[in-house]
Amino acid sequence: MTALVSNLLDMARIESGEVTLNLQWQPIEEVVGSALRASVSLLAARPIEAQIPHDLPLVKFDVVLIERVLVNLLENAAKYTPQGSGICISARVSQRQFQVTVADAGPGIPQGREEAVFQKFMRGERESAMPGVGLGLAICRAIVRAHGGEIAVATADMLGAYRGATITFWLPLGSPPGLSGEGELAHE
């Protein structure tokens, strides 16, 4: 009940614009690692693959909120896939946007429900024994959009062995400040 109330309050704050983003230039590797540590109890019996190139640029985001997005995506992947099945988290730059994907080897999202799962109180399966009320992906979408990004789901063989749900979010790329006094540092 506490988690439900907390999620409802968070959703209301995000939608009303009351959340002030603490935007900082961050490496995605750190927030992925933090999200994996926060989800360790759910992911303990699952093989996790991380495809995070070492040469990715810094991205400007609120680390606490983007970690929450990743934790929600990892929790969904763990909830809706068979025990022991793998989960892959990947990141890359694509078409001038920073892209992060969580893919699983589960049954995927039923065709025609790809957009509905982002609605409040909607779930991938209409009648499910899985605990939850359908706020996780709605919160993810609100957080990503507050960052000027977008999030979408597909069921496809996008990452080889991961043929279940593939949820991707995109954040805008910017120009991190340089060490030579250019960019944002030049205005100080």
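The legends below describe close-up views of a predicted model.

**View 1. Salt bridges around Glu150.**
Two salt bridges are counted in the model. In one of them, Arg141 pairs with Glu150, and the closest N and O atoms are 3.6 Å apart. In the other, the side chains of Arg145 and Glu150 meet at 3.2 Å, N to O. Arg141, Arg145 and Glu150 are thus named together as a network of salt bridges. Side chains of opposite charge can pair when their charged atoms come close. The three residues can also be described by their accessibility. Arg141 is buried, at 9% relative accessibility. Arg145 is partly exposed, with a relative accessible area of 45%. Glu150 counts as partly exposed because its relative accessibility is 31%, and the partly exposed class runs between 20% and 50%.

**View 2. Arg141 in helix α5.**
Arg141 sits in helix α5, which spans residues 136–146. Its relative accessible area is 9%, so Arg141 falls under the 20% limit for a buried residue. Leaving aside residues up to four places away in sequence, Arg141 touches Glu115, Phe118, Glu150 and Ile151. Glu150 is also a salt-bridge partner of Arg141.

**View 3. Glu115, a contact of Arg141.**
Glu115 lies in the loop between β5 and α5. With a relative accessibility of 45%, Glu115 counts as partly exposed. Glu115 and Ala152 are 37 residues apart in sequence, and their C-alpha atoms are 7.6 Å apart in space. Arg141 is in contact with Glu115.

**View 4. Arg46, a buried arginine without a salt bridge.**
Arg46 is found in the loop between α3 (40–43) and β2 (48–51). What is the nearest side chain of opposite charge to Arg46, and how many Å away is it? The answer is Asp104, at 8.1 Å. Arg46 is buried yet has no salt bridge, because a salt bridge requires the side-chain nitrogen and the carboxyl oxygen to be within 4 Å. A polar atom of the Arg46 side chain does lie 2.7 Å from the backbone oxygen of Ala78. Ala78 is also among the residues that Arg46 touches, and the others are Thr81, Pro82, Gln83, Gly84, Ser85 and Ile87, not counting residues up to four places away in sequence.

**View 5. Strands β5 and β7.**
Strand β5 (residues 97–104) pairs with β7 in the antiparallel sense, over seven bridges. One bridge joins Thr101 to Thr168 in β7. Strand β7 covers residues 165–172 and is mostly covered, with six of its eight residues buried.

**View 6. The largest nonpolar core and Phe169.**
The largest nonpolar core has 39 residues. Ile28, Leu70, Leu73 and Phe169 are the residues with the most contacts inside this core. Two or more residues each come from α2 (28–38), β3 (59–62), α4 (63–79), β4 (87–94), β5, α5, β6 (150–155) and β7. The largest share, nine residues, comes from α4. Not counting residues up to four places away in sequence, Phe169 touches Ile66, Val69, Leu70, Leu73, Phe98, Gln99, Val100, Val144, Glu150 and Ile151. Glu150, listed among these contacts, belongs to the salt-bridge network with Arg141 and Arg145.

Conventions:
Residues numbered from 1 in each chain as written. Predicted model: local features only at pLDDT ≥ 70, side-chain atom pairs only at ≥ 80, totals over all residues. Heavy atoms only, no water. Buried < 20%, exposed > 50% of the residue type's maximum accessible area, 1.4 Å probe, protein only. Helix = DSSP H or I, 4+ residues; strand = E, 2+ residues; numbered from the N terminus. Lys, Arg positive; Asp, Glu negative; His and termini not counted. Polar contact = N/O pair within 3.5 Å; in protein donor to acceptor, adjacent residues only side chain to side chain. Contact = heavy atoms within 4.5 Å. Pairing = 2+ DSSP bridges. Core = buried A, V, L, I, M, F, W, Y, C linked by side-chain atoms within 4.5 Å.
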